[in-house]
Amino acid sequence: QVQLVESGGGSVQAGGSLRLSCAASGYPFSWYCMGWFRQAPGKEREGVAVISTGVGSTAYADSVKGRFTISRDNVENTLYLQMNSLKPEDTAMYSCAAVPAYGGNCLSFRASAYKYWGQGTQVTVSS
């Protein structure tokens, strides 16, 4: 069955870095665009970074641009999110998600467009 398993979350101080991973299985990973989303308590889920298939065009939310980098390894079927210069406002549950490359939703920041979701990994940034 389809599985997306995130790892790499944790607690860091402001200014620190974390690298999240999302191991995918059960579907043709390279045919799907991917995204990282986050949700803080009491807030709406928001798209953080998205990446297309293949070489990977990318897009970022303004709040993380220049600090976060999304990438993918289509051999290892893994999605990554390198997070640098972390801020307390980055504190949230981070989830990866997959959407088919066909259908026009690649690089979408709309959570409703995504077909498969992981359970999430918690990131906590202290000041």
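## Overall fold

Read along the sequence, the protein chain runs β-β-β-β-β-β-β-β-β-β-β. In this predicted model, that comes to 11 strands and zero helices. The radius of gyration of the protein chain is 13 Å, close to the 14 Å that the globule rule gives for 127 residues, so the chain is as compact as a globular protein of that length.

To picture the outline, imagine a box of roughly 40 × 25 × 25 Å along the principal axes, which the C-alpha atoms of the protein chain fill.

## Inside and surface

How many of the 127 residues count as buried? The share is 43%. Contacts also link distant parts of the sequence: among those between residues at least 6 apart in the protein chain, 60% join residues at least 24 apart.

Turning to the surface, the protein chain exposes about 6300 Å², and carbon and sulfur atoms supply 48% of this area. As for charge, there are 10 positive and 8 negative side chains in the protein chain. The centres of these two sets lie 3 Å apart.

## A look at Ser-52

Let us now visit a single residue. Where is Ser-52 placed? You will find Ser-52 in the loop between β5 (46–51) and β6 (58–60). Is Ser-52 buried or exposed? Ser-52 counts as buried because its relative accessibility is 12%, and the cut-off for buried is under 20%.

The side chain of Ser-52 also makes a link within the chain: it reaches the backbone nitrogen of Ser-57 at 2.7 Å. Leaving aside residues up to four places away in sequence, Ser-52 touches Cys-33, Ser-57, Arg-72, Cys-106 and Leu-107.

## Its neighbour Cys-33

One of the residues touched by Ser-52 is Cys-33, and Cys-33 makes a good next stop. Cys-33 belongs to strand β4, which covers residues 32–39. With a relative accessible area of 0%, Cys-33 is buried.

Which residues does Cys-33 touch, not counting those up to four places away in sequence? Among them are Ile-51, Ser-52 and Thr-53, then Ala-97, Ala-98, Val-99 and Ala-101, and also Tyr-114. Arg-72, Cys-106 and Leu-107 touch Cys-33, and these three residues are also among the contacts of Ser-52. Ile-51 gives a helpful example of how the chain brings residues together: Cys-33 and Ile-51 are 18 residues apart in sequence, with their C-alpha atoms 5.9 Å apart in space.

How values were computed
Residues are numbered from 1 along each chain as its sequence is written. This is a predicted model: local features need pLDDT of at least 70, side-chain atom pairs count only at pLDDT 80 or more; totals for chains, interfaces and linings use all residues. Side-chain values use heavy atoms; hydrogens and water are left out. Helices (H or I, at least four residues) and strands (E, at least two) are DSSP runs, numbered from the N terminus. The radius of gyration is taken over C-alpha atoms; the globule rule is 2.2 Å times the number of residues to the power 0.38. Buried means under 20% relative accessible area, exposed over 50%, partly exposed in between (1.4 Å probe, protein chains only). Contact means heavy atoms within 4.5 Å. Accessible areas come from the Shrake-Rupley method with a 1.4 Å probe; for residues, only the protein chains shown count as cover. Lys and Arg count as positive and Asp and Glu as negative; His and the chain ends are not counted. The place of a charge is taken as NZ of Lys, CZ of Arg, CG of Asp or CD of Glu. A polar contact is a pair of N or O atoms within 3.5 Å; within protein, one must be able to donate a hydrogen and the other to accept it, and residues adjacent in sequence count only if both atoms are side-chain atoms.
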